[in-house]
Amino acid sequence: MKLLLLLVLLPFGLSAQKLDSCGLNNSSLLNAQEAAYFNTRHEDTRGEFSFLNKRLIFITGEAGGMLSSKRGYFDDVKKWQAAYKRNDVGGSSLIVLTEAQRLQSNGYDAIVTYWTIVHPSADHIIKRVNRKATKHQYPLPD
């Protein structure tokens, strides 16, 4: 039933998207509402990639220098929506990881950048995530 509802809401775009179920935790695994948001948000650039049951790395900062979180991303989206009536944030892009990169990153499927002008390479981001995870400063996929 949830999947049917999700498929019905997707054609209506972001105006139908409910953000109150998004960013409630920092699990890298997206819930159905978060997946629907990102599928709609990146529909022009994601190709065949679907966010359903995917794990994401979040990057922010002008030069893409800060690791962030799902909660941080959606907090910014909700603030932006309240202030400007928009359901997205600036400088957002999607980097879908290759199978090799997915294995190197311990199971992440993609990288989402936001408020970013310069986008570091996926390999550079994966190295940073792995260094932080080793120091328990960034969560590995659950």
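In what order do the elements of the chain run from the N terminus on? The order is α-α-β-β-α-β-α-β-α, which adds up to five helices and four strands. Helices (H or I, at least four residues) and strands (E, at least two) are DSSP runs here, numbered from the N terminus. The model is a predicted one: local features need pLDDT of at least 70, side-chain atom pairs count only at pLDDT 80 or more, and totals for chains, interfaces and linings use all residues. Residues are numbered from 1 along each chain as its sequence is written, and side-chain values use heavy atoms, with hydrogens and water left out.

Start with the whole chain. Of its 142 residues, 42% count as buried, where buried means under 20% relative accessible area, exposed means over 50%, and partly exposed is in between (1.4 Å probe, protein chains only). Contacts (heavy atoms within 4.5 Å) often link distant stretches: among those with a separation of 6 or more, 65% come from residues 24 or more positions apart.

The strands come next. Four of them make an open sheet with mixed pairing, in the order S2-S1-S4-S3; two strands pair if DSSP finds at least two bridges between them. S2 (66–67) and S3 (93–96) sit at the edges with a single partner strand each, so one side of each has no neighbour in the sheet. Strand S1 (residues 56–60) runs antiparallel to S2, and two bridges hold the pairing. Ile59, for instance, has Leu67 in S2 as its bridge partner.

Now for helix H2, which spans residues 32–41. It is mostly covered, with seven of its 10 residues buried: Glu34, Ala35, Ala36, Tyr37, Phe38, Asn39 and Thr40. At its N-terminal end Asn31 acts as a cap, placing a side-chain oxygen 3.0 Å from the backbone nitrogen of Gln33.

Aromatic rings are a running theme, with 13 aromatic pairs in the structure. Rings of Phe, Tyr and Trp (its six-membered ring) pair if their centres lie within 6.5 Å; planes under 30 degrees apart count as stacked, over 60 as edge-to-face and the rest as tilted. Take Tyr37 and Phe74: their ring centres are 5.3 Å apart and their planes meet at 65 degrees, so this pair is edge-to-face. Because Tyr37 belongs to H2 and Phe74 to helix H3 (residues 70–84), the pair ties together parts that are 37 residues apart in sequence. Tyr37 is buried at 0% relative accessibility, and Phe74 is buried with a value of 0% too.

A second pair, Phe38 with Tyr73, is tilted, at 5.1 Å centre to centre and 40 degrees between the planes. Phe38 is in H2 and Tyr73 in H3, so this pair ties together parts 35 residues apart in sequence. Phe38 counts as buried at 0% relative accessibility, and Tyr73 is likewise buried at 0%.

These four rings belong to one aromatic cluster, made up of Tyr37, Phe38, Phe49, Phe51, Phe58, Tyr73, Phe74 and Tyr114. Two cluster members have other partners as well. Lys54 lies over the face of Phe49, 5.5 Å from the ring centre; a charge sits over a ring if NZ of Lys or CZ of Arg is within 6 Å of the ring centre and within 35 degrees of the ring normal. Tyr114, in turn, is joined to Ser68 by a side-chain polar contact of 2.5 Å. Such a contact is a pair of N or O atoms within 3.5 Å; within protein, one must be able to donate a hydrogen and the other to accept it, and residues adjacent in sequence count only if both atoms are side-chain atoms. Ser68 is found in the loop between S2 and H3 and is buried, with a relative accessible area of 16%.
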